[in-house]
Amino acid sequence: MGIKLRHEIISTDVLIIGGGTAGCYAALTLCKNSKLKVVIAEKANIKRSGCLAAGVNAINAYIVEGRTPEDYVDYAIKDANGIVRKDLLLSVAKRFNEVTAQMEKLGLVILKDTDGNYVTRGNRNIKINGENFKPILAKAVRKGKNIEVFNNVNITDFMVNDNTIYGAIGFSIREEIAYEFRAKAVIVSTGGAAGLYKPNNPGTSRHKMWYPPFNTGAGYAMGIKAGAEMTSFEMRFIALRCKDTIAPTGTIAQGVQAKQINSLGEVYENNYGITTSERVYGTVKENQLGKGPCYLQTSAMDKVKEKDLLKAYLNMAPSQTLKWIESGKLPSEQDVEITGTEPYIVGGHTASGYWVNTNRETTIHGLYAGGDVTGGCPQKYVSGALAEGEIAALDIISKISEFAEIKENVAKESRKIVKEYEDILKSANALFTAEELEEAMQKVMDEYAGGISTNYQFNEKQLMLAEEKIDNLIQLSKNLSASDMHELMFVYELRERLLVCKSVIAHLYHRKETRWHSFNENLDYPQQRDEYFCYVNSKFENDKLKIIYRDIVKEAVYEHKN
Ligand SMILES: Cc1cc2nc3c(=O)[nH]c(=O)nc-3n(C[C@H](O)[C@H](O)[C@H](O)COP(=O)(O)OP(=O)(O)OC[C@H]3O[C@@H](n4cnc5c(N)ncnc54)[C@H](O)[C@@H]3O)c2cc1C
């Protein structure tokens with residue numbers, strides 16, 4: 001049995017890979033400010049894809065009255081213990097309010113008080129009705145004159161030659177079609193990577209995770225394969241969540257000022273610090289000390305706030321509201337048990353991702369990155385992803401004449417990739433399925449690279465074992481087969497995750513200190529070390545990951561130098 005794919009070639013000015021928050025906003029910016037032809041290739045359907053479909057209820061990054069973009073940058077620098085790019089942070093912080101205003105114009109509901117001011121949550125957040133965010137964005141994109149959207153198209157490889165991008169290749173997950181998208185410039189906005197580590201929930205519930213399971217690190221993997229420089233993969237993100245439902249805790253912590261308490265009722269959050277990673281660390285520690293489970297103290301909250309809380313979760317994570325109702329005890333009658341999730345790689349919350357210049361161009365000429373796939377700029381969230389889409393788009397418009405047209409030798413390479421798809425579809429009786437190898441990968445990462453079962457801790461010996469085992473799985477993944485286009489996507493998703501795992505392990509190994517508790521809890525080096533006040537970057541060269549230590553960027557504008 002074999003499938004011969006139809007090979008379609010689509011030419012455009014700008015290709016956007018991933019039609020999520022950053023990708024859609026980049027397309028709108030290109031459309032508003034230029035006549036360039038834009039193609040979005042999206043593996044799902046832009047109407048309900050990516051993080052925005054996973055449930056948002058606030059603009060987490062907003063400059064509220066009395067605060068400045070510089071205040072926001074200071075907060076993010078402190079939270080990440082200095083390992084950020086100030087130039088990137090400032091450039092998004094200056095745009096948070098403007099992109100939010102644009103979304104409101106498109107129809108996003110932002111909650112207002114009786115005086116017509118936005119309802120704030122803490123010092124940096126404003127409340128929204130998030131359930132329509134993605135459909136509103138998608139509707140505006142669909143109206144864009146020069147924008148063509150290809151839904152259900154999974155991109156697997158960039159077309160790169162001489163460190164310059166010419167487009168990307170992928171396939172439809174519904175029809176037997178391979179797509180070769182040729183473009184002068186490309187924006188990668190495929191989000192972060194979920195599913196690398198064994199998750200909280202077992203069996204069929206295992207995809208009930210904090211980050212969208214469909215964001216598999218494809219953008220990272222394509223960049224790594226093509227030789228792009230990456231940064232800070234060792235700064236993993238572990239979310240503190242409501243146990244089992246994996247619903248967000250911020251709404252409770254900030255919304256009703258609930259404290260983190262242990263099973264003895266002691267408030268423990270101040271004993272460990274209150275940065276994002278320390279809140280997770282404190283919870284892990286209390287459990288290790290035998291004082292678990294840990295909770296957010298909601299009992300005895302007033303009934304008005306309780307009603308708001310039930311509504312907020314119904315809007316954003318309905319399973320949590322259902323859990324309260326099902327248990328017969330509302331949040332004012334029981335505290336909410338909390339737990340850490342498995343680690344993710346996500347540049348919207350931490351600093352991991354592409355190493356970019358201030359205009360979000362990666363180290364590959366003509367390839368830009370926006371949103372969670374982009375490194376150096378943590379705590380940027382939804383408004384930061386919109387802002388990065390805008391920054392990348394505006395830079396492309398200003399430089400479009402500098403970008404090159406495709407060369408024949410690059411097109412030849414793309415035919416090889418299409419043949420690879422057909423070979424996977426042709427081969428039969430593989431020893432393992434992608435799902436089985438995925439489970440093995442998650443177990444390796446959990447046990448040897450600091451997953452939930454080791455309290456996020458690891459040592460160098462374990463990391464070396466993790467690397468060896470992931471390399472074995474990479475070899476096994478070369479022999480997978482697929483009986484249809486959907487299974488072909490699973491094969492590539494697994495391969496992407498494996499490559500990201502390999503990079504994460506290398507980064508964890510080469511930051512020989514513990515800079516962020518839980519996020520990189522290195523038992524061989526349990527303290528912070530001054531010589532590691534630098535970025536740990538990496539680049540794939542001759543089939544090997546090369547580690548590059550870079551000095552902290554102090555300039556207001558950063559350009560790639562080497
Ligand atoms: C559960 C959850 C709740 C959140 N809540 C909030 C909140 O309340 N407030 C806030 O400010 N921020 C919140 N965030 C963060 C915020 O939503 C994200 O940082 C932001 O939306 C990321 O945008 P993005 O464009 O980088 O990724 P996404 O919006 O996830 O877009 C990535 C897109 O790429 C597509 N894709 C992936 N791989 C491929 C491929 N190989 N080929 C083609 N397409 C591909 C995906 O399908 C997806 O559409 C939340 C995040 C999560 C996960």
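**Exercise 1. The shell around the ligand**

Task: Determine how many nonpolar, polar and charged residues the shell around the ligand has in this predicted model.

Solution. Step 1: Sorted by class, the shell comprises 16 nonpolar residues, 16 polar residues and three charged residues. Step 2: Altogether, 35 residues surround the ligand, where a residue qualifies if one of its heavy atoms lies within 4 Å. Step 3: The closest of these residues are Thr 21, Glu 42, Ser 49, Ala 58 and Asp 372.

**Exercise 2. Polar contacts and cover**

Task: Identify which atoms of Asn 57, Asn 60 and Asn 215 approach an oxygen atom of the ligand, and state how much of the ligand's accessible area the protein covers.

Solution. Step 1: For Asn 57, a backbone N or O atom is 3.1 Å from an oxygen atom of the ligand. Step 2: For Asn 60, a polar backbone atom lies 2.9 Å from an oxygen atom of the ligand. Step 3: Asn 215 uses a polar side-chain atom, at 2.9 Å from an oxygen atom of the ligand. Step 4: On its own, the ligand has 1,000 Å² of accessible area, of which the protein covers 97%. Step 5: Two or more residues of the shell come from each of helix 1 (21-33), strand 4 (58-59), strand 9 (153-161) and helix 12 (381-399).

**Exercise 3. A four-stranded sheet and its helix**

Task: Establish the strand order of the open sheet of four strands, name its edge strands, and describe how helix 16 packs on the sheet.

Solution. Step 1: The order of the strands is 18-13-22-23, and their pairing is antiparallel. Step 2: Strand 18 (353-354) and strand 23 (544-550) each pair on one side only, and these are the edge strands. Step 3: Strand 22 (residues 535-541) is joined to strand 23 by seven bridges. Step 4: Within strand 23, Tyr 549 is the residue opposite Val 536. Step 5: Helix 16 (residues 485-510) touches strand 13 (230-231), strand 22 and strand 23. Step 6: The directions of helix 16 and strand 23 make an angle of about 45 degrees.

**Exercise 4. Backbone geometry in two loops**

Task: Locate the cis peptide bond between Gly 292 and Pro 293, and place the positive phi of Tyr 456 in its structural context.

Solution. Step 1: From Gly 292 to Pro 293 the peptide bond is cis, and its omega is near -10 degrees. Step 2: Pro 293 belongs to the loop that runs between helix 9 (276-288) and strand 16 (294-296). Step 3: Tyr 456, a residue other than glycine, has a positive phi near 70 degrees. Step 4: Tyr 456 is found in the loop between helix 14 (434-448) and strand 20 (457-458).

Note on methods: Residues numbered from 1 in each chain as written. Predicted model: local features only at pLDDT ≥ 70, side-chain atom pairs only at ≥ 80, totals over all residues. Heavy atoms only, no water. Pairing = 2+ DSSP bridges. Contact = heavy atoms within 4.5 Å. Axes fitted to C-alpha atoms, helices over the stretch in contact; angles between N-to-C directions. Polar contact = N/O pair within 3.5 Å; in protein donor to acceptor, adjacent residues only side chain to side chain. Areas by Shrake-Rupley, 256 points an atom, 1.4 Å probe, with all protein chains shown as cover. Nonpolar A, V, L, I, M, F, W, Y, C, P; charged D, E, K, R; others polar.
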